[in-house]
Each structure stands twice: as structure tokens, then as C-alpha cells.
Amino acid sequence: MSAWAQKYRGATVEDLDPPPALSTKPTELISHALMNAFERDYTHLTVVSEDTRALLGYLNIPRLREMLKNGTVLETDHVEKAMQKFQRNGKIYKVITMDTPLEDLEAFFNGGVDGSGSQDFAVVTDGNRRFVLGVATKGDLEEFVKRRPA
């Protein structure tokens, strides 16, 4: 049995019980998005289209705080100025659903979408990638392992 199989014992992303995703719009003020994240203790917010609710990108709250501190953005700027956009031109994204095994999620965090870099969080969607169901972070995975009986 692999180390991952022993660690997760068949658990999936659903077992992490990820909180529902909190989405913001590109035209929302940074101050409002920051307040929403702070109230829920979220480190990442998804950014969705106002018209289609399509996933456009995300706000990394620690990165946003640095940008505010450095004066790169202001709290009165729109989210679109600080968001990190998903690249759609030919890039393949790993689909993470509630049924994704945790060993696959860990591999995603450690190797990135295509093994080219690590990831801090994963957007959890339905199998057809139509709905954002939640966000899972490396911290969520670490907490799961800590609280799971050996």
C-alpha cells in the first residue's frame, strides 16, 4: 500500500467538507471583497463573470494584502485590477470535483496542473465544470490528515 493510500484511506475532496466558494465580481470594490474574505476567514475568492457566472480567476487574499501595502492597488479599485486570471488559451486545467481522491488533490498541490508548478488551492467544481462548489487549500488537506485517526 502506498504512503498516500495509507494516509487518505479512500477519502475524497468531499471528506474535507470544503466551505462553499465565495465569489466576487470583477467590478466589485477591493474593499468589499476583502471584507467578505475577512468575515469568513477565506484565503481565496473566486472571481466570476457578472453575466454568465463563468469562472474568470481568483483573488489570493495574502497577495492582495501585499499589493495594498505596496500601493500597487487601492481599496477603492475594482477587483479586476488585483485578480489573477485563468489563462484560457489552450491551457488544460485539472478538474477537481467532490469525488476526486485526496491523493490526486495532494499531487495537484505538489505538481500543479501539469506538473509544472505547485498550487496553493483548488477550485472544486461539478464534473462538467459548470458550477463552483468550493475551494480546497493545502491547509485543508493538512488539517484533514491531522484530525484523522491513525
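How many bridges join strand 3 to strand 4, and do the two run parallel or antiparallel? Strand 3, residues 55-60, is joined to strand 4 by 2 bridges, and the pair runs antiparallel. One thing to keep in mind throughout is that this is a predicted model. For a residue pair to look at, take Tyr 58, whose bridge partner in strand 4 is Gln 84.

Now the whole sheet. It is open, has 4 strands in the order 1-2-3-4, and its pairing is mixed. Strand 1 (23-24) and strand 4 (84-85) are at the edges; each has a single partner strand, so one side of each has no neighbour in the sheet. As background, strands of a sheet pair through backbone hydrogen bonds, parallel or antiparallel.

Next, the nonpolar cores. The largest has 16 residues, and those touching the most other members are Leu 45, Leu 59, Ile 61, Leu 64, Val 73, Val 79 and Ala 82. At least two residues of this core come from each of helix 3 (30-40), strand 2 (44-48) and helix 4 (61-70). Helix 3 gives the most, with 4 residues. Leaving aside residues up to four places away in sequence, Leu 64 touches Ile 30, Leu 34, Leu 59, Val 73 and Ala 82. Another core, of 14 residues, lies apart from this one and includes Tyr 8, Phe 108, Phe 109 and Ala 122.

Last, a pocket. The second largest one holds about 200 Å³ of space. Its lining includes Pro 19, Pro 20, Arg 40, Tyr 42, His 44 and Asp 140. By class, the lining of this pocket has 4 nonpolar, 3 polar and 3 charged residues.

Note on methods: Residues numbered from 1 in each chain as written. Predicted model: local features only at pLDDT ≥ 70, side-chain atom pairs only at ≥ 80, totals over all residues. Heavy atoms only, no water. Core = buried A, V, L, I, M, F, W, Y, C linked by side-chain atoms within 4.5 Å. Buried < 20%, exposed > 50% of the residue type's maximum accessible area, 1.4 Å probe, protein only. Contact = heavy atoms within 4.5 Å. 1 Å grid on protein atoms, 1.4 Å probe; cavity = no way out; pocket = protein on both sides within 12 Å on 5 of 7 lines; lining within 4 Å. Points joined across faces, edges and corners; volume = space filled by probe spheres on them. Nonpolar A, V, L, I, M, F, W, Y, C, P; charged D, E, K, R; others polar. Pairing = 2+ DSSP bridges.
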